[in-house]
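Hi there,

Here is the structure I promised to pass along. Please have a look at it alongside my notes.

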Amino acid sequence: MVSINKRSDFPADLKRNHRKKSLGFVPTMGALHEGHLTLIRAAKKQCEAVICSIFVNPTQFNNQDDFEKYPRVLDEDLKLLEREGVDYVFCPSGEDMYHRQSSIEFNVKHFDDVMEGAHRKGHFNGVLQIVLRLFNIIEPDKAFFGLKDLQQYSLIKTVSEDLFLPLEIVGVPTVRSDDGLALSSRNRRLSHEGLGLAKELNVALSKAKMSYNTFHDVLKAKQVGVSHLDEKGIVIEYFEECDADNFRAPNSDTQRLALCLAADIEGVRLIDNIVFMK
Ligand code: AMP
């Protein structure tokens, strides 16, 4: 595996016009788990070479404490990537990625108004600041994103299509532990009890989906999910529905619904979602 630590060290023969192989890109913030490794395996299946980035992006954190406490285990991560047969890993510094004050700020219309956008002011601006920089440096043919961060995936796909970016955005289904908990780097910060509680997020979403399939009433379905979390004493930040394909309010054209939630467990912010036919 080739390690690249600086923008200026990016191999010229890896750029789109010079390389002979298709290149798959998996952006991450490290503290890798099976969810990340599943993205890498998907990239390896679909592309001839794979590059993974590890960068804890400061601009997408609206909470400094969350940024500082974000797990950082680079040596462990590099071993995992080597074992997966990743070809290149890009681990730039903050100074390299943000070499000067950005001259642009992204205002992403309705994505900023709901769920992660509404609850984490500036989050999606930060996501786009880093992802578009990485796309420009790496010039991948395909980039792989987890559907656990459904709104982020939808945003990046939409923006890439709006701007005719010359790459394909691929979504990869959420990887869960046996008890249904969506894998997340943040789970490392939970105690044994916290992990037990965190699995209730998926239970709540599944109950809400079952309710919807029986009564076809989104408000009722949400109430079922919210009640379940209330009973467990879990603090909900939001529990909302949208059209799964564009993150707008569902309307008569909507085919797939998404229920998305954010909750606080032991001071750790967790998100999850479930998608089903309307
Ligand atoms: P992160 O390191 O948390 O920024 O995540 C990097 C990528 O891995 C993002 O595209 C996430 O959506 C994806 N990812 C994180 N957790 C999971 C999971 N449990 N299943 C699938 N993809 C995931």
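Below is what I found around one helix and the sheet beside it.

First, the ground rules: this is a predicted model, where local features need pLDDT of at least 70 and side-chain atom pairs count only at pLDDT 80 or more, while totals for chains, interfaces and linings use all residues. Residues are numbered from 1 along each chain as its sequence is written, and side-chain values use heavy atoms, with hydrogens and water left out.

Helices (H or I, at least four residues) and strands (E, at least two) are DSSP runs, numbered from the N terminus. Helix 8 covers residues 192-215, and its 24 residues should span 34 Å at 1.5 Å a residue (counting one less than the number of residues); the end C-alpha atoms are 36 Å apart, which agrees. His216 follows helix 8 with a positive phi, near 50 degrees.

The sheet is open, with three antiparallel strands in the order 7-8-9 (strands pair if DSSP finds at least two bridges between them). Strand 7 and strand 9 are at the edges with a single partner strand each, so one side of each has no neighbour in the sheet. Ten bridges join strand 8 to strand 9, and Ala262 stands opposite Ile271 in strand 9.

How do the two parts meet? Buried residues of helix 8 (under 20% relative accessible area, 1.4 Å probe, protein chains only) include Gly194, Leu201, Leu205 and Tyr212. The buried residues of helix 8 pack against helix 9, strand 7, strand 8 and strand 9 (contact means heavy atoms within 4.5 Å).

Best wishes

Terms used: Buried means under 20% relative accessible area, exposed over 50%, partly exposed in between (1.4 Å probe, protein chains only).
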